[in-house]
Amino acid sequence: MAKGQPTAPPERVDRYERLIATQPSLTRKGATMPYTSVNGNMSSYLDASGALALRLSGDDRQAFMARYTTAFHEAHAIVQKEYVTVPDELLADTEALRPWFEASFRYVSALKPKPTTRKR
């Protein structure tokens with residue numbers, strides 16, 4: 001794979017980009033691992049397999065996991081307790097996923113900003 005290209009399947013990347021477009025204040029970041037972030041805090045990402053991980057508040061996480069029968073997202077054998085794995089059929093339905101994506105944005109926007117390491 002060429003350097004700088006997403007490792008996730010192209011159709012998943014396209015679906016993720018359609019979802020990101022629903023939130024005008026967010027932009028896709030990451031060349032090989034597409035993600036979104038607010039004030040240095042990651043809110044969502046698409047892993048190499050094409051699974052979408054969405055960061056939600058405690059109440060939203062519980063509601064999402066109950067409604068879609070999903071679990072915490074796992075990366076490199078580590079359970080990410082603030083992230084849920086979005087089911088494939090929901091990733092394919094941008095309008096149904098949009099409210100959850102907006103909830104993720106609101107949650108992460110309320111977190112304390114991470115200091116930047118970038119030189120100004």
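1. Ala, Val, Leu, Ile, Met, Phe, Trp, Tyr, Cys and Pro are counted here as nonpolar, Asp, Glu, Lys and Arg as charged, and the others, Gly among them, as polar. With those classes, the lining of the largest pocket in this predicted model is made up of six nonpolar, four polar and two charged residues.

2. The pocket itself holds about 200 Å³ of space, and the residues that line this largest pocket are T7, M33, M42, Y45, D47, A48, H73, E74, A75, H76, Q80 and Y83. Three strands, β2 (41–46), β4 (72–75) and β5 (78–86), each contribute at least two residues to the lining, and β4 gives the largest share of the lining, with three residues.

3. Those strands belong to an open sheet of five strands, in which the order is β1-β2-β3-β5-β4 and the pairing is antiparallel. At the edges stand β1 (35–38) and β4, each of which pairs on one side only, and from one strand to the next the twist averages 40 degrees.

4. At the β1 edge, the strands β1 and β2 run antiparallel and are joined by four bridges. Within this pairing, S37 has M42 in β2 as its bridge partner, while T36 has S44, also in β2, as its bridge partner; M42 is, in addition, one of the residues lining the largest pocket. The two strands form a hairpin with two residues between them, and N39, which sits in the turn, has a positive phi of about 50 degrees.

5. Which strands do helices α2 and α4 lie across? Helix α2 (residues 58–68) lies across β4 and β5, and runs at about 60 degrees to β5, whereas helix α4 (residues 94–109) lies across β1, β2, β3 (52–55) and β5, and runs at about 50 degrees to β3. The strand β5 is therefore in contact with both helices, since contact means heavy atoms within 4.5 Å.

6. The aromatic pairs, counted for rings whose centres lie within 6.5 Å, come to four. Among them is the pair of F64 and W100, with 5.0 Å centre to centre and 80 degrees between the planes; the pair counts as edge-to-face because its planes are over 60 degrees apart. This pair links distant parts of the chain, with F64 in helix α2 and W100 in helix α4, 36 residues apart.

Methods. Residues numbered from 1 in each chain as written. Predicted model: local features only at pLDDT ≥ 70, side-chain atom pairs only at ≥ 80, totals over all residues. Heavy atoms only, no water. 1 Å grid on protein atoms, 1.4 Å probe; cavity = no way out; pocket = protein on both sides within 12 Å on 5 of 7 lines; lining within 4 Å. Points joined across faces, edges and corners; volume = space filled by probe spheres on them. Pairing = 2+ DSSP bridges. Axes fitted to C-alpha atoms, helices over the stretch in contact; angles between N-to-C directions. Phe/Tyr/Trp six-rings, centres within 6.5 Å; stacked < 30°, edge-to-face > 60°.
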